[in-house]
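I opened this notebook to record what I looked up in one structure, taking the chain as a whole before its helix pairs and a few single residues.

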Amino acid sequence: MQLSRNQIQLFSLIAVSMLAHVTMGGGRITASLFMLKHNNSQLLAGLAYSAYSVLPVLLSLAMGKWIDRVGARYVMRVSQALMIVGLAAPAVVPDAWVVMVTSTICGLGFASYLLAANVAVSLMPFETHGERVGMLGWLAMGNSVAAVGGPAIAGLMIDWSGFRAAYLALALIVAASLVVSFCVDVPGGAGAPRKDKANDGHSVVRMVFSDPALLRIYLLAMGISVSFDCFSFMTPVLGHERGFSATTIGMIMSAFAVGSFAVRALLPLLSRHMTEWQMLTSAYGILATGFLLLPFAHNSYVHASIGFFLGFAAGAGQPNILSLIYRAMPPEKAGEGAGLRSAMGNTMGLTAPSAFGAVSGMFGAVPVFIGVGGIACVAAWQSHLGGLLSRLGGSPAKPG
């Protein structure tokens, strides 16, 4: 079987991205454990973990504009260099302040890399919109594999040789990804030429918030982020309330990850038979059902089964959302449009867990799952409405 140029470029990008992706999972766990080990502070551990999300919240829109201006490939390589610096510095100077500062650097590097990689795939010359969804799904699938490998590598290195060795190993892996990027056919050349002079930083923001149909896509993207955060943050809380062991809670979390991986592997097939809106409607329907059933799932195996289907639904969300955004945005604003989605998603990642924790602290975990299930019900209805308007107007965002 002869591979197309799109497939060759995608597989090359997946290989590079899997190597680069270790900085998120491996770097976060290493920073948190460093703070616990050297400072015995859960507060500092939490801050080090959250530091990876601070700059992406503030700068995602600017990063998107940068990608539009210079091209995705250049941004990916600069981002890899940032990650290498951020991981190598604590290996040279293993100090709490160094770890905190470099965590923010690594977070910025990873976020800009991931944003550029998604833009690079989205702007490939696809014959159908479904093909774009499938390729974005495969890119996310590769990142899911790396997200599991990063913490495992970091944990092994910390136990065997200490924190310096762990940081050095992670830096070398990202360095390998940078070297490989020069040896394979990675997509993402020069930025698309600007067709207008609307280059101010708020142009895409105004475009989105002045168009209810386009705003719907971004709000649905935030719903996917809330679903991920709810399951990831609240499952240990609910499991603790019900007396589940740590091993059992880990099994439930793994079931969610397996479901997310499975749907991304199947997205090329699913996208041939369903539009983005149809997949989003189905995904939110499954999310609503799953979250509303979780309070009644007292058996750990039932909880894990529901977790698998929740992961399956949530994993389908991001590639379809990205495809809709890239279809709705002009090519010269693809990065900026994706950057706004990233900023909104990272904002939810910073704020939603705190809200979940506050509610569960007062009323328990069950009301949180019911509330998110209700949000998913509304999102399913909005996804169905978006599909209807898209068919009437012939646009992914505008009703006509």
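The entries below go from the overall fold to helix packing and then to individual positions.

**Entry 1: the whole chain**

I note at the outset that I am working with a predicted model. I looked up the secondary structure and found that the protein chain comes to 14 helices and zero strands, so that, read from the N terminus on, the order of elements is α-α-α-α-α-α-α-α-α-α-α-α-α-α. I then checked the radius of gyration, which is 21 Å and close to the 21 Å that the globule rule gives for 400 residues, so the protein chain is as compact as a globular protein of that length. For the dimensions, I recorded that the C-alpha trace spans about 60 × 50 × 45 Å along its principal axes.

I also asked how many of the residues are buried, as a percentage of the 400 in the protein chain. Buried residues make up 53%. Turning to contacts between residues at least 6 apart in sequence, I found that 83% of them join residues at least 24 apart.

**Entry 2: α2 against α7**

I next looked at helix α2 (residues 22-39) and helix α7 (residues 163-181), whose axes lie 11 Å apart and pack at an angle of about 165°. That angle makes α2 roughly antiparallel to α7, because an angle over 145 degrees counts as such. The crossing in which α2 passes α7 is left-handed.

For the residues involved, I listed V22, T23, G26, G27, T30, A31, L33, F34, K37 and H38 on the α2 side, which meet F163, A166, Y167, L170, I173 and V174 on the α7 side. Sorted by class, this contact of α2 with α7 has 10 nonpolar, five polar and one charged residues.

**Entry 3: α9 against α11**

The second pair I looked up was helix α9 (residues 212-241) with helix α11 (residues 276-293), where the axes come within 12 Å and cross at roughly 35°. I recorded the crossing of α9 and α11 as left-handed.

From α9, the residues R216, I217, L220, G223, I224, S227, C230 and F231 meet W277, Y284, L287 and F291 of α11. The residues of this contact divide into nine nonpolar, two polar and one charged.

I then took up G223 by itself, a residue of helix α9 that counts as buried at 10% relative accessibility. As a distance across the model, I noted that the C-alpha atoms of G223 and M24 are separated by 22 Å, the two residues being 199 apart along the chain.

**Entry 4: three positions in α5**

I finished with helix α5 (residues 96-122), beginning with V101, which has its place there. Is V101 buried, exposed or partly exposed? With 46% relative accessibility, V101 counts as partly exposed. I also looked up its separation from E332, which lies 231 residues away in sequence and 33 Å away in space, C-alpha to C-alpha.

S103 also has its place in helix α5, and I found it buried, with a relative accessible area of 2%. Leaving aside neighbours within four places in sequence, S103 is in contact with A31, A48, A51 and Y52. One of these, A31, had already come up in my second entry, among the α2 residues that meet α7.

The last position I checked was L108, which lies in helix α5 and counts as buried at 18% relative accessibility, since the cut-off for buried is under 20%. Which residues does L108 contact, leaving aside its neighbours within four places in sequence? I listed L55, P56, L59, M63 and L82 as its partners. For L82 I also noted the spacing: the C-alpha atoms of L108 and L82 are separated by 8.0 Å, with their positions 26 residues apart along the chain counted as their separation.

Notes. Residues are numbered from 1 along each chain as its sequence is written. This is a predicted model: local features need pLDDT of at least 70, side-chain atom pairs count only at pLDDT 80 or more; totals for chains, interfaces and linings use all residues. Side-chain values use heavy atoms; hydrogens and water are left out. Axes are lines fitted to C-alpha atoms, for helices over the stretch in contact, and angles run from 0 to 180 degrees between N-to-C directions. Helices (H or I, at least four residues) and strands (E, at least two) are DSSP runs, numbered from the N terminus. Angles under 35 degrees count as roughly parallel, over 145 as roughly antiparallel, 65 to 115 as roughly perpendicular and the rest as oblique. A crossing is left-handed if the near helix is turned anticlockwise from the far one by less than a right angle, and right-handed if clockwise. Contact means heavy atoms within 4.5 Å. Ala, Val, Leu, Ile, Met, Phe, Trp, Tyr, Cys and Pro count as nonpolar, Asp, Glu, Lys and Arg as charged, and the others, Gly among them, as polar. The radius of gyration is taken over C-alpha atoms; the globule rule is 2.2 Å times the number of residues to the power 0.38. Buried means under 20% relative accessible area, exposed over 50%, partly exposed in between (1.4 Å probe, protein chains only).
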